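Hello,

Please find the structure we talked about below. My notes on what was found in it follow underneath.

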Amino acid sequence: RSLLDKNQQIYGVNTGFGKLSQVKIPKDKISELQQNLILSHAVGVGEPISDNITVLIIFLKIISLSKGYSGIRLIVVQRLVDMLNNDCLPLVPCQGSVGASGDLAPLSHMTLPLLAVGDVKLNGKVVSAEDALEMLGWESIKLSYKEGLSLINGTQFSTAYGVFCMERIDNLIKVADISGALSVEGLIGTNIAFEKRVHQLKPHQGQLDSAENLYNLLQDSEIHESHKDCDRVQDMYSLRCMPQVHGASRDILLTARNMIQVEINSVSDNPLVFIDENDIISAGNFHAESSGQAMDIAAIALAELGNICERRTYTLVDGEFGLPHFLIEDSGLNSGFMIMQVSAAAIASENKTYAHPSTIDSIPTGAGQEDHVSMAPWAGRKLLKIVENVEKLFTIEILSACQAIDLRKGLSPSKCLKPVVDEVRKKVPFLSQDRYLQFDQEYVLNLIKTGTIVSAVEQNLKLK
């Protein structure tokens, strides 16, 4: 305020925005400027995002504003807190942000309810923001100096996808080793390639961790003991190279996770207000390149977990290593797992497209003022698609591997893997003839998404 009293020109406070930053705004129009900013920028398109992502966006915005570098009143931050506490969620379209100058369009939609504009989902029911405020006994907020700009200048839309995906990715990293180990058993593979002394010669941490998981998962196995003296010298790459492939993905995903973690706890705004120094600096902390690149590399790493998973599934249904074609004994009359593997191939192919990095693209916006943008929102949205696809790929592999294990009649899988097979068999019987398999897939997919697969293993073995 003191800087304004000195007639200092401050971006977004008493100036226009972007290319219009040279236009000075009179004092009596400053509140109108902030309201106009929100109304003009709330032009997102597409379906509304999920409630889970919306909650994360608001929470991340609260974190950034609470750092105290945005020049915003406490009443505004408190309203965001109240929205979360009262299950009052704005409807935010999924498209319309390029991830620089902040996620402007989606964050404007997030802000609309503060002005009693637009629609919200109140306790799960869509109502107008005006009606919601009346029901909650709230007044609309008249935005003051910089408040509109502070609410929309940020990476919260992009970063929310990273946060949401990383929790599911943490689970999938472990599922990858479990699912792969089940395939080793089904294909009567060996655990020798996972011995520690091998991987100490190539000591990437992710590789070491994955190898340790795989080796431990495969101990105390009747299936393994049954073929100890066979003449098979080495397994196909999709089995014996799991530590190298899973491990590389683990290392990349850890890097991505750390980048998202930093972004969560950062100030993402412009200009920044340094109260102690009585100074305001225009810079670029609204740029979402870090979040975007984190999600792009995560997409590549996950797609690779999906690729090698599909190759193992293919080998399971190929009719080799003492297994019947398509994992069913009367094949021909029955198609067994034939088309389940086709589905896996289709999903893996989709992931190859989604794994194309979004941050290598940039389309200038704002009449050239915003001449390099991150495209991080698309990085986040497609990463979520890959997460969902990889969960489906592991579903298909686990179903296939359990079928193969049961075809090794009378032989039990390892002590650590048997609880997984038992969990699957609670609702999914052995496939002796063709039946409708949709329920089977949905059941195992739910076991993966809820963490049940990992929990079943970790009753006996703590995974890396």
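**Around Ala-211**

Ala-211 touches Phe-194, His-199 and Pro-243, leaving aside residues up to four places away in sequence. Keep in mind for everything below that this is a predicted model. The alanine sits in helix α10, which covers residues 205-217. Is Ala-211 buried or exposed? Its relative accessibility is 1%, and the cut-off for buried is under 20%, so Ala-211 counts as buried. The C-alpha atoms of Ala-211 and Cys-241 are separated by 9.5 Å, and these two residues are 30 residues apart along the chain.

**Salt bridges**

Side chains of opposite charge can pair when their charged atoms come close. How many salt bridges does a search of the whole structure find? The search gives 19. Here are some of them.

One of the pairs is Arg-73 with Glu-147, where the closest N and O atoms are 2.7 Å apart. This pair links distant parts of the chain, the two residues being 74 residues apart. Arg-73 is in the loop between α3 (51-66) and α4 (74-85), while Glu-147 belongs to helix α7 (residues 147-152). Arg-73 has a relative accessible area of 36% and is partly exposed. Glu-147, in contrast, is buried, with a relative accessible area of 1%.

Another salt bridge joins Asp-269 and Lys-146, and here the closest N and O atoms are 2.9 Å apart. Where do these two residues lie? Asp-269 is in the loop between α13 (242-264) and β6 (272-274), and Lys-146 is in the loop between α6 (129-136) and α7, so the salt bridge ties together parts that are 123 residues apart in sequence. Asp-269 has a relative accessible area of 1% and is buried. Lys-146 is buried as well, with a relative accessible area of 2%.

Glu-391 and Arg-168 also meet through their side chains in a salt bridge, at 2.8 Å from N to O. Glu-391 is in helix α16 (residues 376-407) and Arg-168 is in helix α8 (residues 156-186). The two are 223 residues apart, and the pair links distant parts of the chain. Both Glu-391 and Arg-168 are buried. Elsewhere in the list, Lys-174, Glu-458 and Lys-462 are joined into one network by salt bridges that share partners.

**A sheet and two helices**

Which strands make up the open sheet of three strands, and in what order? The order is β2-β4-β5, and the pairing is antiparallel. The edge strands are β2 (88-90) and β5 (125-128), each of which pairs on one side only. From one strand to the next, the twist averages 35°.

Strand β4 (residues 119-122) is joined to β5 by four bridges, and the two strands run antiparallel. For Asp-119, the bridge partner in β5 is Ser-128.

Two helices that lie across strands of this sheet can be added to the picture. Helix α3 lies across β2 and β4, and runs at about 95° to β2. Helix α6 lies across β2, β4 and β5, and runs at about 100° to β5.

As you go through the model, Ala-211 in helix α10 is a place to begin, followed by the salt bridge between Arg-73 and Glu-147 and then the sheet with the order β2-β4-β5.

Regards

Methods
Residues numbered from 1 in each chain as written. Predicted model: local features only at pLDDT ≥ 70, side-chain atom pairs only at ≥ 80, totals over all residues. Heavy atoms only, no water. Salt bridge = Lys/Arg side-chain N within 4 Å of Asp/Glu carboxyl O. Buried < 20%, exposed > 50% of the residue type's maximum accessible area, 1.4 Å probe, protein only. Contact = heavy atoms within 4.5 Å. Pairing = 2+ DSSP bridges. Axes fitted to C-alpha atoms, helices over the stretch in contact; angles between N-to-C directions.
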